[in-house]
Amino acid sequence: MTVAAPDPREVREASLEELSRLGLPLPPAQFPLVWEPGDGIDLRPTGEIEARIAVLHLILARCFGMPPQAAMSWLLGSHLVEMVTPPEWQFVMGGKGDHRSFVLHHDALFALAWVLGLSKQLDPTLAVDERLVERLPHIAGGETFPHWRSRILTAPQHPADAAALLDLHYCLDWAYLETERDGRRAPGLVDANAIGQRRWALEWAVILRGPYHDEPPGWEEVDLST
């Protein structure tokens, strides 16, 4: 359900305070807000986010040796074939594409798990929670997507909290890239790639509604250029 977005300037102020606390550079004064006063926010349907988590988890299994036929069998048994994007399909079935970029999706999956309450924190200084795998589909054991959904207890974040974390990662993405360009060490245990992946997931999961927002993008349509 769409709710009123929090004041974007107050959220941005909190994001900049967090960057300062981490010792990161601050974006320029003209750095755009993620949403405008009066906009609405929502999360994608829980089932859609669950499906994206399952597909990303399957892709990671392929990255680490799962045979293509086994991956295809799991997708068919889970009724998730239509949720796989064309680039993902080429990788799952033929191993085509940038293997490293698909491995990086581990952090996007982590962010989506946080959105659904399957992970309690999304701290930019901490790596992915190693216990997260216990809350994901047991693909190697043959657990299908419907069975997984029936055993987990999701508790989606409030849209305002997810939007605030999106704004933070929008700023963090700029700050981490700037830090790397300057040859400095980033705080904590993750790098700019991980922050970018987490931002990607949040940009996709949080739906912004207002006169300056287009329809929610597909997974491959998320724009991280700004």
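**Exercise 1.** With which side chain does the side chain of T144 make a polar contact? Place T144 in the fold and describe its surroundings.

*Solution.* Keep in mind that this is a predicted model.

- Step 1: Start with the contact itself. The T144 side chain pairs with the side chain of H147, at 3.0 Å.
- Step 2: Now locate the residue. T144 sits in the loop that runs between α6 (105-115) and α7 (145-151).
- Step 3: Look past the sequence neighbours. Once those within four places are set aside, T144 touches W74, G77 and S78.
- Step 4: Add a distance across the chain. V55 is 89 residues away from T144 in sequence, and their C-alpha atoms are 11 Å apart.

**Exercise 2.** Is T144 buried or exposed?

*Solution.* The relative accessibility of T144 is 17%. Buried means under 20%, so T144 counts as buried. For context, buried residues form 49% of the 226 in the protein.

**Exercise 3.** Work out how the whole chain is built and how compact the protein is.

*Solution.*

- Step 1: Take stock of the secondary structure. There are nine helices and three strands, arranged along the sequence as β-α-β-α-α-α-α-α-α-α-α-β.
- Step 2: Check the radius of gyration. It is 18 Å, close to the 17 Å from the globule rule for 226 residues, so the protein is as compact as a globular protein of that length.
- Step 3: Turn to the contacts. Of those with a separation of 6 or more, 74% join residues 24 or more positions apart.

**Exercise 4.** How many positive and negative side chains does the protein have?

*Solution.* Count each set: 19 are positive and 32 are negative. The centres of these two sets lie 5 Å apart.

Terms used:
Residues numbered from 1 in each chain as written. Predicted model: local features only at pLDDT ≥ 70, side-chain atom pairs only at ≥ 80, totals over all residues. Heavy atoms only, no water. Helix = DSSP H or I, 4+ residues; strand = E, 2+ residues; numbered from the N terminus. Buried < 20%, exposed > 50% of the residue type's maximum accessible area, 1.4 Å probe, protein only. Contact = heavy atoms within 4.5 Å. Polar contact = N/O pair within 3.5 Å; in protein donor to acceptor, adjacent residues only side chain to side chain. Rg over C-alpha atoms; globule rule 2.2 N^0.38 Å. Lys, Arg positive; Asp, Glu negative; His and termini not counted. Charge placed at Lys NZ, Arg CZ, Asp CG, Glu CD.
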